[in-house]
Amino acid sequence: MGGVSSFRRILSPIAVGASAGILAAFSALAVAELVAGLVRPAAGPVTAVGGAVIDRTPTAVKDFAIRTFGEDDKAVLRLGILAVLAVAAVGLGVLALSHRRAGAAGVLLFGIVGSAAALGRPDSAGIGDALPSTAGALAGAVALYVLASKAVRVPAPAPGDGEGRDGTEGWSRRGFLAAAGVTAAAAASAGSVGRFLTGRRGRGAVASRRSLVLPAPASPAPAVPAGVQLKVAGISAFTTPNSDFYRVDTALAVPRVDAGTWRLRIHGAGVSRPRVHTLDQLLARPLIERDITLTCVSNEVGGPYTGTARWLGVPLAGLLEEAGVRPPSEGGKADQLVARSVDGMTLGSPVEDVMDGRDAMLAVGMNGEPLPFDHGFPVRMVVPGLYGYVSACKWITDIELTTFDAYDPYWVRRTWARRAPVKTQARIDTPKPFARPAAGEATVAGVAWAQHRGISRVEVRVDDGPWQDADLAPQATADTWRQWSFPWRATPGGHTITVRATDGSGQVQSEQRTRTVPDGASGWHSVFVTVP
Ligand SMILES: Nc1nc2c(c(=O)[nH]1)N[C@H]1C(S)=C(S)[C@@H](COP(=O)(O)O)O[C@H]1N2
Ligand SMILES: [Mo]
């Protein structure tokens, strides 16, 4: 008996237990996926737990995740959940070899966590949401119990016999392998059927989007002046293509809403004529088309979470007026409009702002096509001048008129400000940080935004030199960003280039550096470059 065989004696139970645990977890997730496909895909355990984690993640950590992983934050979260499950599965599998019941019971505990997460999500559709996790946990517990009972210890080999009867010392392999094979095959089939069902559910929504024909706007977008797009390599496009448009939301599974069954309810304080609108009813109204820059409050100074699209939509003020709503300045009862999405998100906007004549709308079109699913199909809100989290509800389904005193929406409960107009910002798009531009004529360029106030001036400073005016591209509207460029004679050495904007009311962008929480980052953007 050497060290190798005693090592095997320890290793092989761990390997057997680990495989039993992983297989049981796989079965649990596969059955849960199958049931979620039947009940409601968003109630699946990984999606539900992920959503619950997002809801409970402290703002600082969420901000870190957005900064660090960007739009991959959700994939990272999913992987994290699967990693935690895998570790637990290995532990329970090893435990089950000696304590079958305890191992199986451990799997059931995970079912409780999944069910609780699904029931606690703001979009929970009721007790049925517990089914996927419950069914999955039951399947996983049974699988683990059976696999553990197949992995029985055979009588210890006689001294000098060397290996156990079927190759693995002290363990019967054949029965276990057969049971493992059957479990794996059954789980894989359940998982595939589940995927198929979930895919089929989404197909109605996909078909409804494909067949949606957007009406021509009654009020087309004002002609964009020639020259809004500077011919400078590396500057952002004036209109952000949908495929490049930033995406920020809490949806682990993007809602796929069928336009045919979609409804929008308008109700609440001061709504004398509550109404439910269908999409066809909205599309029959005169539509407006506008270029509007949307910005996320989580955008750091110089960050990427801003973009401009040509939105097509129904003016929101008119719909509200028809429902009997008056702004607070005209004696209206409600000062907050709470928009609610199909996934339970809530966003609150000042009623005064959405009714003050700006182009607040329920958007149905983005850059000439129906809203992409990622950006809120079939209908989302867009309000020029307000950060997305206080205005731009995607997959909207409900508008409730209330007061800021009476109700705190999702982000406000997570330390963000109740009111959040967009702060004036200028961003250097080129050169990039730590670039090595050649000495001589160089171009510094970028975009500046102060939605609904407009941009009147952009200045650039190199190192500790004087502020110098940048050349401004024409302004499309006060609701869009504005491009700027600055010819720079680059001299060898390291240089810090800083930019600041002045908005349409003459207010110079604040130098004061603040974090994104609670109401948006402020401060000047600068990049450091080295001219070789
Ligand atoms: N339903 C829903 N709508 C939402 C959000 C969300 O998490 N859920 N995020 C908001 C935030 S914080 C921003 S910045 C904008 C982003 O819109 P986009 O993803 O289309 O760029 O959507 C807003 N609308
Ligand atoms: Mo945002």
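Reader: Which residues do ring pairs link into a cluster here?

Author: This is a predicted model, and in it ring pairs join F245, Y246, Y305 and W311 into a cluster.

Reader: And how many aromatic pairs does the structure hold?

Author: There are nine aromatic pairs in the structure. One of them is formed by Y389 and W416, whose ring centres are 5.9 Å apart with the planes at 55°; planes under 30 degrees apart would count as stacked and over 60 as edge-to-face, so this pair is tilted.

Reader: Where in the chain do Y389 and W416 sit?

Author: The pair links distant parts of the chain, 27 residues apart. Y389 belongs to the loop between β9 (380-382) and β10 (396-402), while W416 belongs to the loop between β10 and β11 (425-430).

Reader: Are Y389 and W416 buried or exposed?

Author: Both Y389 and W416 are buried. Another pair is made by Y410 and W411, with ring centres 5.0 Å apart and planes at 75°, so that pair is edge-to-face. Y410 and W411 are buried as well.

Reader: What lies over the face of Y410?

Author: That is R414, which lies at 3.6 Å from the centre of the Y410 ring. A comparable arrangement involves R500, whose charged end sits over the ring of W467, 4.1 Å from the ring centre.

Reader: Switching to strands, in what order do the five strands of the open sheet run?

Author: The order is β2-β1-β10-β5-β6, and the pairing in this open sheet is mixed. The edge strands are β2 (275-278) and β6 (346-350), each of which pairs on one side only. From one strand to the next, the twist averages 20°.

Reader: How many bridges do β5 and β6 pair over?

Author: Strand β5, residues 336-341, pairs with β6 over five bridges in the antiparallel sense. Within this pairing, V338 stands opposite G348 of β6.

Reader: OK, and which residue stands opposite V460 in β17?

Author: In β17 that residue is V499. The strands concerned are β13 and β17 (residues 493-503), which pair in the antiparallel sense over seven bridges. β13 also pairs with strand β14 (residues 468-469), again in the antiparallel sense, over two bridges. There V460 stands opposite Q468, and V460 therefore has a partner in β17 and another in β14; as a general matter, strands of a sheet pair through backbone hydrogen bonds, either parallel or antiparallel.

Reader: Which residue takes a positive phi in the hairpin of β13 and β14?

Author: D463 does, with phi near 50°, in a hairpin that has five residues between the strands.

Reader: Let me ask about Q451 as well: where is Q451 found?

Author: Q451 is found in the loop between β12 (440-449) and β13 (455-462). Q451 is buried, with a relative accessible area of 1%.

Reader: What does the side chain of Q451 reach?

Author: The side chain of Q451 reaches the backbone oxygen of T293 at 2.8 Å. In addition, a polar contact of 2.8 Å joins the side chains of Q451 and T295.

Reader: Last thing, the overall layout: which domains is the protein divided into?

Author: The division gives domain 1 (2-206), domain 2 (242-414) and domain 3 (425-531). Taken over C-alpha atoms, the centres of domain 1 and domain 3 are separated by 51 Å.

Definitions and conventions
Residues are numbered from 1 along each chain as its sequence is written. Chains are lettered from A and ligands numbered from 1 in the order in which they are written. This is a predicted model: local features need pLDDT of at least 70, side-chain atom pairs count only at pLDDT 80 or more; totals for chains, interfaces and linings use all residues. Side-chain values use heavy atoms; hydrogens and water are left out. Rings of Phe, Tyr and Trp (its six-membered ring) pair if their centres lie within 6.5 Å; planes under 30 degrees apart count as stacked, over 60 as edge-to-face and the rest as tilted. Helices (H or I, at least four residues) and strands (E, at least two) are DSSP runs, numbered from the N terminus. Buried means under 20% relative accessible area, exposed over 50%, partly exposed in between (1.4 Å probe, protein chains only). A charge sits over a ring if NZ of Lys or CZ of Arg is within 6 Å of the ring centre and within 35 degrees of the ring normal. Two strands pair if DSSP finds at least two bridges between them. Axes are lines fitted to C-alpha atoms, for helices over the stretch in contact, and angles run from 0 to 180 degrees between N-to-C directions. Domain bounds come from an automatic or database domain assignment. A polar contact is a pair of N or O atoms within 3.5 Å; within protein, one must be able to donate a hydrogen and the other to accept it, and residues adjacent in sequence count only if both atoms are side-chain atoms.
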